[in-house]
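Biologist: Please take one sheet of this model and walk me through it carefully, from the strand order to the packing against it.

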Amino acid sequence: MSPGTFKAVTVRPFQFSHMTEVQQAVLGMLPDLALPHTLAQSPRDVMVRARTGTGKTLAFLVPAIEARLKMLQAAGRKALTDNGRVNDPALETRGKRVLAREEVGTLILTPTRELAIQIANEALNLTKHHPDFRVHVWIGATSRRTQMRDFMTGTRDIIVATPGRLRDLLESEPDVKRGLSHTHQVIFDEADTMLEIGFRDDIEAIMSYLPPTPQRQTFLFSATLSSKVREIAQKHLAAGHSYIDCIKGQDSPVHADIPQYHTVVPSASQQIPHILRTIAHDQLVNPGSSKVMLFLPTTKMTQLFTTIIKQFGRSLLPAGRETTVYEIHSKRPQSSRTRTSDMFRKDKSGASVLVSSDVSARGVDYPGVTRVIQVGIPATREQYIHRVGRTGRGSKEVKGRGDFVLLPWEVGFISWQLTDIPIKPITVAELKTQLATLAEKHDESPGHSLPLSLKTSRSSSFSTMNSIRFQTPYKPLLDEFDRLGSQIGSQLDVEAVRETFLSLIGYYFSKSTELRVSNNVILEGCRQWTTDALAQETPPYVSEMFLQRLGLEDRRTKQFGRGAKKFAPTRRQNVPSWDGRGVQKNKNREWTSKEYETGVRGKEADGYRTRRYDQDFRRPRQTASLH
Ligand SMILES: Nc1ncnc2c1ncn2[C@@H]1O[C@H](COP(=O)(O)OP(=O)(O)OP(=O)(O)O)[C@@H](O)[C@H]1O
């Protein structure tokens with residue numbers, strides 16, 4: 001590793017003393033990994049699988065920087081030989097500069113804008129002691145003109161891009177096309193997403209502008225690389241490439257230290273109280289350092305839950321009004337997304353919640369997240385893993401925890417999709433008991449549970465941390481959680497509920513195979529959610545025609561003659577189809593541990609990957625903190 005890069009890693013700004021496993025494996029391949037293809041002995045392409053939060057970014061950025069330095073050195077030397085000189089520093093520098101300004105060094109592709117900005121900032125930090133290095137970020141909803149001006153006037157060492165904007169520039173800007181036609185290194189971060197269907201067209205188009213292997217070196221990095229993705233990946237990698245797998249055998253791709261729990265609420269009416277209790281639990285378990293990420297399956301659901309957490313968290317959470325609630329999803333302008341992301345990253349308030357859609361699920365590094373709560377099923381099993389991976393990252397100071405909250409008809413996701421994930425059940429009643437014990441403890445000696453740094457925060461060195469005061473006594477407030485239902489209904493906008501409902505059926509209908517339930521079950525589950533969880537008088541009306549458009553043609557149901565009547569929008573007829581299965585007299589009881597394990601109750605035992613990066617926002621702004 002060059003002295004400049006080494007200094008950045010070990011002294012300033014990173015001050016890392018040890019390499020993580022993935023860093024040892026990849027950086028152990030230096031200097032060969034960074035050699036130009038003309039000098040390399042064997043294929044330099046690498047596919048890497050390593051757990052979330054274990055430092056993959058640095059593992060691919062260091063070889064990227066080192067490879068660029070080697071290319072520049074080679075260009076300097078070539079300038080000398082071309083002119084028959086042995087020693088001419090000015091000529092050598094000129095040779096380097098020509099290459100640096102004409103050819104792009106490394107292209108890094110990522111699925112989201114937030115991740116692109118984060119990687120670019122990390123690259124800037126790593127090149128702190130290489131003053132001539134330039135890092136460009138090309139993402140949607142930012143000024144193309146600024147991006148092009150920077151590209152035309154500076155060196156082109158590293159470009160971090162989302163596929164939509166990159167393809168757009170490649171297809172419309174000859175200089176970009178020319179610059180990238182010599183790129184010697186391409187890195188796919190979150191490689192499995194990048195090779196998925198939603199991105200595949202863009203990726204194919206982009207790859208057609210880049211040099212072929214072996215001139216092009218290709219790295220693929222992710223925490224999740226299924227065998228199917230690996231098959232697709234072969235196409236972009238050189239034959240004989242290395243595969244580094246830091247998740248050996250059956251080990252979980254989530255960091256081994258992160259405990260994970262799931263709760264199937266017995267009825268939709270318990271969903272919101274349970275989520276608020278889970279946040280309250282985190283605030284009491286991590287007094288003064290609670291930092292929660294709450295993931296929802298759709299944008300509308302994210303908006304709705306932000307309102308709910310803000311509204312009811314004030315009175316029900318231990319930190320009450322002092323809880324800071326952030327909201328991030330693809331419908332927010334990019335400038336606001338970037339600002340929120342920055343604020344949550346730096347948040348040390350001691351009681352904060354980021355309510356998020358999947359824009360924050362992958363790769364984004366928020367230090368100190370104490371808990372990830374997932375409500376409803378994620379788009380894929382991989383997405384579950386990446387979301388949990390937002391907690392327990394990097395240093396081991398914060399252990400983290402994952403909680404997964406499901407409605408009864410969503411349980412199939414655990415039974416069929418998460419079979420190899422070490423996730424334990426926790427019932428609504430168990431969490432209530434744990435919360436009551438913590439609240440009692442707090443009330444006995446309020447303040448004693450706060451760390452010393454907070455008790456003396458005004459005079460201590462923790463000046464950035466606010467002193468959080470918990471509501472005291474807190475235990476009596478716990479009864480209020482069960483009374484939430486009646487209040488929620490009056491606080492919510494009917495149109496917002498309807499839009500959320502529609503977004504949910506659109507999302508869940510595409511998931512029926514994974515959940516192994518029919519679309520009718522999903523429709524009724526969503527309907528009942530609006531009446532039971534959101535306390536609406538009646539579920540939102542949806543026309544037959546709309547349902548047909550969504551493909552609600554459940555042949556089995558129709559065959560048995562139960563279909564048509566069930567769609568009438570009155571509450572009385574809106575009996576969920578799982579009612580009537582299993583043991584009726586126990587239908588309101590909680591799930592037993594056995595039922596949790598099998599996923600079956602009684603005797604019988606989210607298209608939300610939208611192309612966010614290319615949304616057309618009205619007021620485009622340059623947002624990266626790079627220029
Ligand atoms: N050698 C190291 N020592 C200590 N901390 C490190 C080291 N390498 C990286 N980190 C820190 O660990 C955190 C996670 O790193 P990073 O974001 O690269 O993880 P990742 O493996 O890419 O995760 P994901 O799969 O979620 O994208 C960051 O805060 C980073 O600064």
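Modeller: Two strands are said to pair if DSSP finds at least two bridges between them, and by that rule strand β9, residues 290–295, and strand β12, residues 371–375, pair in the parallel sense over four bridges. This is a predicted model, and what follows should be read in that light. Within the β9 and β12 pairing, Leu294 stands opposite Ile373 of β12. Strands of a sheet pair through backbone hydrogen bonds, either parallel or antiparallel. The sheet to which β9 and β12 belong is an open one of seven strands, with parallel pairing, and its order reads β10-β11-β9-β12-β13-β8-β14. At the edges stand β10, residues 324–328, and β14, residues 423–425; each has a single partner strand, so one side of each is left without a neighbour in the sheet. From one strand to the next, the twist of this sheet averages 20 degrees.

As for the packing, helix α14, which spans residues 334–346, lies across β9, β10 and β11, the last of these being residues 351–356. The helix α14 runs at about 140 degrees to the edge strand β10, and its contacts include β9, the strand that carries the four bridges to β12.

For orientation, the model also holds an open sheet of seven strands in the order β3-β4-β2-β5-β6-β1-β7, again with parallel pairing. Its edge strands are β3, residues 135–138, and β7, residues 242–245, each pairing on one side only, and the twist there averages 15 degrees from one strand to the next.

Definitions and conventions
Residues numbered from 1 in each chain as written. Predicted model: local features only at pLDDT ≥ 70, side-chain atom pairs only at ≥ 80, totals over all residues. Heavy atoms only, no water. Helix = DSSP H or I, 4+ residues; strand = E, 2+ residues; numbered from the N terminus. Axes fitted to C-alpha atoms, helices over the stretch in contact; angles between N-to-C directions. Contact = heavy atoms within 4.5 Å.
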